[in-house]
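Please open the model in your viewer and keep the selection panel at hand. The stops below are meant to be taken in order.

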Amino acid sequence: MSRSTVVAHSNIALAKYWGKADALRNLPAVPSLSLTLDRLTTRTEVAFDAAFERDELVLDGAPTLGRPLERASMLLDRVRALAGLREHARVESRNDFPTAAGLASSASGFAALAFAAARAAGLDLGFGPLSALARASSASAARSFHGGFVRLRAGAEEAEQVAPAEHWPLRLLVVQTARGAKSVGSTSGMQHTAVTSPYYPAWVASAPSVFAEVERAVLARDLEALGHAAEHSALAMHASMLAARPAVVYFAPITLRVLHEVTAQRARGVPAWCTMDAGPHVKVLTDLGHAESLATHLRGLEGVHDVTIASPGPAARELAP
Ligand code: DP6
């Protein structure tokens, strides 16, 4: 038996990816830029063995079938083809946060799976090819190989680091507003948006300049410029979904409540801006000096389950056997 265990960190896009230039190869239609988080991690062990009769996936302690197993097997097939291997695999994966609730579990999950599967298969790939391998399963996962600030260009195979975690000690509050799996997965949500939303072409046309704003603000460590651009990117992405037919709506009442509260805090001089992914949770960008008091304030809102304070985090890594 050959095995490997990897820890990968989740990432939150400050300039969002939504839509594919090539659905078959899973290449993004727009450039995105993310922050890898120190919190919210996935730990995945992959073992290949000739005695296994099929691929198995155990997610947070529960044997898993259906679409999650299919997606894992497709990635394992690509690894087997690269390594010239025929053995089936057993995959055991644990998130230290709720799975499939719009908290970026596919990003850390597919990054950890691609890395551990490649290593267990004996492949010695660098972060570039590993990132491309994960991207083919889930584009946001390409960004989780690197620490700090990471970009994935439109149409790109692999993600690249813009700046390491030490570049800027920002804080990102992960405001959990609901429990349970999300209603529409991001893959089908973005495909439905691309096919039915009249605002999708406008989203694709405007995303590169918003991405450039986000990238400039990150390099200049300009929190106000970054906050405005990141909040705009998230809301423009959600606007394209709201115009789909039928609409893709990830907002819950508490989501809007948090958005309004953050706007109100900002009016009082607190540096805080929102971003949201394909789920009802809100992530709030702020600085070190305001993170604790803002988290305490948001925890007090009825309907908020939990607030986690995250900092820029490290690259994915293989654990010693
Ligand atoms: C809203 O990477 O989950 O989180 O490539 O189809 O697997 P697939 O989509 P996925 O989409 C993430 C969308 C997002 C924005 C982002 O992370 O950039």
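Begin by selecting the ligand together with its surroundings in this predicted model: 19 residues surround the ligand, and the closest are Tyr17, Lys20, Ser138, Ser140 and Thr187. If you then colour the shell by secondary structure, helix α4, which runs over residues 186-196, turns out to give the most to it, with 3 residues.

Next, display the polar atoms around the ligand's oxygen atoms. A backbone N or O atom of Ala139 lies 2.8 Å from an oxygen atom of the ligand, and an N or O atom in the side chain of Arg143 is likewise placed 2.8 Å from a ligand oxygen atom. For Asp277, the distance between an N or O atom of its side chain and an oxygen atom of the ligand is 3.4 Å. Switching to a surface view, note that the ligand taken alone exposes 460 Å², of which the protein buries 95%.

Now move to helix α7 by selecting residues 253-267. At 1.5 Å a residue, the 15 residues of this helix should span 21 Å, and the end C-alpha atoms are 22 Å apart, which agrees. Which residues of α7 are buried? They are Ile254, Thr255, Val258, Leu259, Glu261, Val262 and Gln265, and because they cover an arc of only 165 degrees around the axis, they sit on the same side of α7. The general background is that an α-helix has 3.6 residues a turn, so residues three or four places apart point the same way.

With the buried residues of α7 still highlighted, add the elements that they pack against, namely β10 (171-176), α6 (223-242), β11 (273-275), β12 (282-286) and α8 (288-299). Rotating to the other side of α7, you will find Pro253, His260 and Ala267 exposed. Following the chain onward from α7 brings you to Gly269, whose phi is positive, near 100 degrees.

For the last stop, select Asp38, which has its place in strand β4 (residues 32-49). Is Asp38 buried or partly exposed? With a relative accessible area of 30%, Asp38 counts as partly exposed, since the partly exposed class lies between 20% and 50%. Leaving aside residues up to four places away in sequence, Asp38 touches His9, Ala310, Ser311, Pro312, Gly313 and Pro314. Zoom in on Ser311, whose backbone nitrogen lies 2.7 Å from a polar atom of the Asp38 side chain. Finally, draw a C-alpha to C-alpha distance from Asp38 to Ala165, which gives 9.3 Å in space for two residues that are 127 residues apart in sequence.

How values were computed. Residues numbered from 1 in each chain as written. Predicted model: local features only at pLDDT ≥ 70, side-chain atom pairs only at ≥ 80, totals over all residues. Heavy atoms only, no water. Helix = DSSP H or I, 4+ residues; strand = E, 2+ residues; numbered from the N terminus. Expected span 1.5 Å × (residues − 1). Buried < 20%, exposed > 50% of the residue type's maximum accessible area, 1.4 Å probe, protein only. Arc of directions from axis to C-beta. Contact = heavy atoms within 4.5 Å. Near = heavy atom within 4 Å. Polar contact = N/O pair within 3.5 Å; in protein donor to acceptor, adjacent residues only side chain to side chain. Areas by Shrake-Rupley, 256 points an atom, 1.4 Å probe, with all protein chains shown as cover.
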